[in-house]
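Me: Got a minute to go through this model with me? I'd like to talk it over piece by piece.

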Amino acid sequence: MTRRVVVAMLVPVPWSPPGVEPAAWRAALAEDVVDLLARLAQAEAAIAATPADRALAEEIAWPGMRIYEIPRATVLPVLAAAAADGFDQAAVIAADAPDVPGMILGKLLRPLDGKAVAVAPGGPSGGLLGVATGLPAPDWLADHDLDTASAQQLRRTAPAPGEVTSTPQWRRLRGPADLATLDVALEGWDNTRALLGG
């Protein structure tokens, strides 16, 4: 049986809606992502955080959930920690997409039987929602953060471009324009919804 882990990486959140305290906003986004991951049937859940974010990680983690402390908010340290924990596959997800459907995460993991790396673009604001790979990660995979990386960037170091496949995108809440795209009909994202007043 393949052991999979999906890791919510605490990423910088440079804005918050008017009247919402930035730290509370960031915590709500991350907690909603973690709550979704904790309910996934086909993978375990974990959180990755820099030392400065360790307290937030402990605040939003479910009982017994792994917390990987990483030196910087980039992908390779998370993948290395997951490999050291004995996982066969890992996905690293930005913790600022509170309403991401579980189906999007499933589609990120699915190609790993035939592809080395799968990436989910982060929507109109750019960057990536997540990166998934078999473990240990390929030695050609360059380290990067999820805010500035792209599928094209990952393909530059791959032995063949086809080793990196793109899966359906899902936007992250990286600015005011993204806020308008939240779908109130989607279940979940309760903490974010509460901060927005319902």
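Me: Starting with a helix: which residues of α3 are buried?
Reply: Val 75, Pro 77, Val 78, Leu 79 and Ala 82. Keep in mind that this is a predicted model.

Me: And what covers the buried residues of α3?
Reply: The cover includes β1, β2, β3, β4 and β6. Helix α3, residues 75-84, lies across those strands and runs at about 145° to β4.

Me: What does Gly 86 do just after α3?
Reply: Gly 86 takes a positive phi there, about 90°.

Me: OK, the sheet. What's the strand order?
Reply: It goes β3-β2-β1-β4-β6-β5-β7, an open sheet of 7 strands with mixed pairing. The edges are β3 (66-69) and β7 (164-166), each of which pairs on one side only. On average, neighbouring strands are turned by 25° against each other, ignoring direction.

Me: What holds strands together in a sheet, in general?
Reply: Backbone hydrogen bonds, with the strands either parallel or antiparallel.

Me: Back to this one, then. Which way do β1 and its partners run, parallel or antiparallel?
Reply: With β4, the pairing of β1 is parallel, over 6 bridges. With β2 it is parallel too, over 5 bridges. For landmarks, Val 6 stands opposite Ala 91 in β4, and Val 5 stands opposite Glu 44 in β2.

Me: How many residues of β1 are buried?
Reply: 5 of the 6, so β1 is largely enclosed by the rest of the structure.

Me: Over at the β7 edge, how many bridges join β5 to β7?
Reply: There are 3, and the two strands run parallel. One to look at is Val 119, whose bridge partner in β7 is Ser 166.

Me: What about Thr 165, buried or exposed?
Reply: Buried: Thr 165 has a relative accessible area of 19%, and the cut-off for buried is under 20%. That residue lies in strand β7.

Me: Which residues is Thr 165 in contact with?
Reply: Leaving aside neighbours within four places in sequence, Thr 165 contacts Pro 111, Lys 115, Val 117, Ala 118, Val 119 and Arg 155.

Me: Switching to the interior. Which residues touch the most other members of the largest nonpolar core?
Reply: Leu 10 and Leu 129, out of 32 residues in that core. Two or more residues each come from β1, α1 (22-38), β2, α2 (54-60), β4, α4 (102-109), β5 and β6. The largest share is from α1, with 5 residues.

Me: And what does Leu 129 touch?
Reply: Not counting residues up to four places away in sequence, Leu 129 touches Val 92, Ile 93, Ala 94, Ala 97, Val 100, Ile 104, Ala 120, Pro 121, Gly 122, Leu 146, Trp 170 and Arg 172. Apart from the largest core there is another, of 30 residues, and Leu 146 is among them, as are Leu 141, Ala 151 and Leu 154.

Me: Any odd backbone spots? Where is the cis peptide bond?
Reply: Between Leu 135 and Pro 136, with omega at about -5°. Pro 136 is in the loop between β6 and α5 (151-155).

Me: And what is phi for Trp 189?
Reply: It is near 40°, a positive value in a residue other than glycine. Trp 189 is found in the loop between α6 (176-179) and α7 (190-195).

Me: Why does Trp 189 count as buried?
Reply: Because its relative accessibility is 5%, and anything under 20% counts as buried.

Me: Zooming out, how many helices and strands are there in the protein chain?
Reply: The chain has 7 helices and 7 strands. From the N terminus on, the elements run β-α-β-α-β-α-β-α-β-β-α-β-α-α.

Me: What does the radius of gyration say?
Reply: The chain has 16 Å, which agrees with a compact globule, since one of 198 residues would be near 16 Å. Along its principal axes, the C-alpha trace spans about 50 × 35 × 30 Å.

Me: What share of the residues is buried?
Reply: 50% of the 198 residues. About 8,700 Å² is exposed, with carbon and sulfur atoms supplying 55% of that area.

Me: Last one: how much of the contact count comes from residues 24 or more positions apart?
Reply: They account for 63% of the contacts with a separation of 6 or more.

Conventions. Residues are numbered from 1 along each chain as its sequence is written. This is a predicted model: local features need pLDDT of at least 70, side-chain atom pairs count only at pLDDT 80 or more; totals for chains, interfaces and linings use all residues. Side-chain values use heavy atoms; hydrogens and water are left out. Two strands pair if DSSP finds at least two bridges between them. Helices (H or I, at least four residues) and strands (E, at least two) are DSSP runs, numbered from the N terminus. Axes are lines fitted to C-alpha atoms, for helices over the stretch in contact, and angles run from 0 to 180 degrees between N-to-C directions. Contact means heavy atoms within 4.5 Å. Buried means under 20% relative accessible area, exposed over 50%, partly exposed in between (1.4 Å probe, protein chains only). A nonpolar core is a set of buried Ala, Val, Leu, Ile, Met, Phe, Trp, Tyr and Cys residues joined through side-chain atoms within 4.5 Å. The radius of gyration is taken over C-alpha atoms; the globule rule is 2.2 Å times the number of residues to the power 0.38. Accessible areas come from the Shrake-Rupley method with a 1.4 Å probe; for residues, only the protein chains shown count as cover.
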